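Let's take a walk through this protein, going from its overall layout down to the individual pieces. Keep the picture open while you read.

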Amino acid sequence: MLLAIPDLLDADELARVRSLVETAGWADGRATAGTQSAQVKRNLQLPELDVAAREAQGIVLAALDRSALFFSAALPRRIYPPLFNRYEGGMHFGSHVDNAIRTHAASGQRIRTDLSATLFLAEPESYDGGELVIDDTYGSHAVKLPAGHLVLYPATSLHRVEPVTRGSRLACFFWLESLVRDDGERTLLFDLDAGVGRLRQAHGDGEIAVALTGIYHNLLRRWAVA
Ligand code: NI
């Protein structure tokens with residue numbers, strides 16, 4: 001599933017995150033790349049233990065925590081602490097698949113990357129290029145969202161970031177392990193949850209809405225690894 005989550009950050013949070021990370025100590029992005037992706041990765045990244053990055057991480061995690069749409073789509077079990085990257089002056093990240101398992105250096109925690117996410121922090125008109133291009137069976141999808149919006153996509157997909165030829169593309173990115181490992185099962189649950197939501201909005205909490213909510217939870221119980 002490829003999903004945009006609009007306005008994950010509000011204007012104040014976006015301004016705070018931007019001011020925190022803009023002046024922080026940027027380093028070569030190859031620090032967190034696997035051996036294959038290191039060959040095609042050309043960008044800057046904030047070190048994981050950077051003080052400003054950690055405050056910005058907290059703001060992003062709190063925003064994820066209150067987003068019902070994010071919860072319904074991702075069913076997060078563990079979230080890798082968000083990282084920040086920057087592309088400018090032709091920087092790009094060639095086609096790759098994200099590593100299946102990530103170990104967080106500071107905590108030693110290991111997560112399986114079921115979903116990848118990018119939170120855009122720069123307005124799209126402030127830079128040229130920098131589209132996140134995600135391949136699936138229906139072709140290539142170029143994603144370039146307004147600042148504060150997030151895109152969620154399967155970590156199994158081939159993806160790349162096009163060269164940034166003007167301005168600076170600032171973003172936050174992370175991976176997560178889902179309670180429901182299989183993308184098809186997770187998508188079905190998301191569709192059912194959205195359908196029940198529309199039914200309740202139109203007709204209230206009638207008998208049918210209660211029955212379908214029960215089915216949602218029983219499918220989740222069957223498929224989730226908590
Ligand atoms: Ni990637």
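Start with the big divisions: the domain assignment splits the protein chain into domain 1 (3-178) and domain 2 (183-223). Keep in mind that this is a predicted model. The C-alpha centres of the two domains are 30 Å apart. Where domain 1 and domain 2 touch, ten residues come from domain 1 and seven residues from domain 2.

Now for the helices. Two packed helices are described by the angle between their axes and the distance between the axes. Here are two pairs to look at:

| Helix pair | Angle between axes | Distance between axes |
|---|---|---|
| Helix 5 (residues 183-203) and helix 6 (residues 207-223) | about 160° | 10 Å |
| Helix 1 (residues 11-22) and helix 3 (residues 51-66) | about 155° | 8 Å |

Take helix 5 and helix 6, whose axes make an angle of about 160°. Angles over 145 degrees count as roughly antiparallel, so helix 5 is roughly antiparallel to helix 6. Their crossing is left-handed. Which residues of helix 5 make the contact? They are Glu185, Leu188, Leu189, Leu192, Asp193, Val196, Leu199 and Arg200. On the helix 6 side, the contact residues include Ile208, Leu212, Tyr216 and Trp223. Sorted by class, the residues of this contact come out as 13 nonpolar, one polar and three charged.

Next, helix 1 and helix 3, with an angle of about 155° between them. That makes helix 1 roughly antiparallel to helix 3, and helix 1 passes helix 3 in a left-handed crossing. From helix 1, the residues Glu13, Arg16, Val17, Leu20 and Val21 take part. They meet Ala52, Glu55, Ala56, Ile59, Ala63 and Arg66 of helix 3. This contact has seven nonpolar and four charged residues, with no polar ones.

Finally, the sheet. Strands of a sheet pair through backbone hydrogen bonds, either parallel or antiparallel. In what order do the five strands of the open sheet come? The order is 3-7-15-12-13, and the pairing is antiparallel. Strand 3 and strand 13 (139-143) stand at the edges with a single partner strand each, so one side of each has no neighbour in the sheet.

Let's zoom in on strand 7 (residues 92-96). Two bridges join strand 7 to strand 3 (residues 41-42), and the two run antiparallel. In this pairing, Lys41 stands opposite Phe93 of strand 7. Strand 7 also pairs with strand 15 (residues 159-161), again over two bridges and in the antiparallel sense. There, Phe93 stands opposite Val161 of strand 15. So try finding Phe93 in the picture: Lys41 is opposite Phe93, and so is Val161 in strand 15.

Methods:
Residues numbered from 1 in each chain as written. Predicted model: local features only at pLDDT ≥ 70, side-chain atom pairs only at ≥ 80, totals over all residues. Heavy atoms only, no water. Axes fitted to C-alpha atoms, helices over the stretch in contact; angles between N-to-C directions. Helix = DSSP H or I, 4+ residues; strand = E, 2+ residues; numbered from the N terminus. Parallel < 35°, antiparallel > 145°, perpendicular 65-115°, else oblique. Left-handed = near helix turned anticlockwise from the far one by under 90°. Contact = heavy atoms within 4.5 Å. Nonpolar A, V, L, I, M, F, W, Y, C, P; charged D, E, K, R; others polar. Pairing = 2+ DSSP bridges. Domains from an automatic or database assignment.
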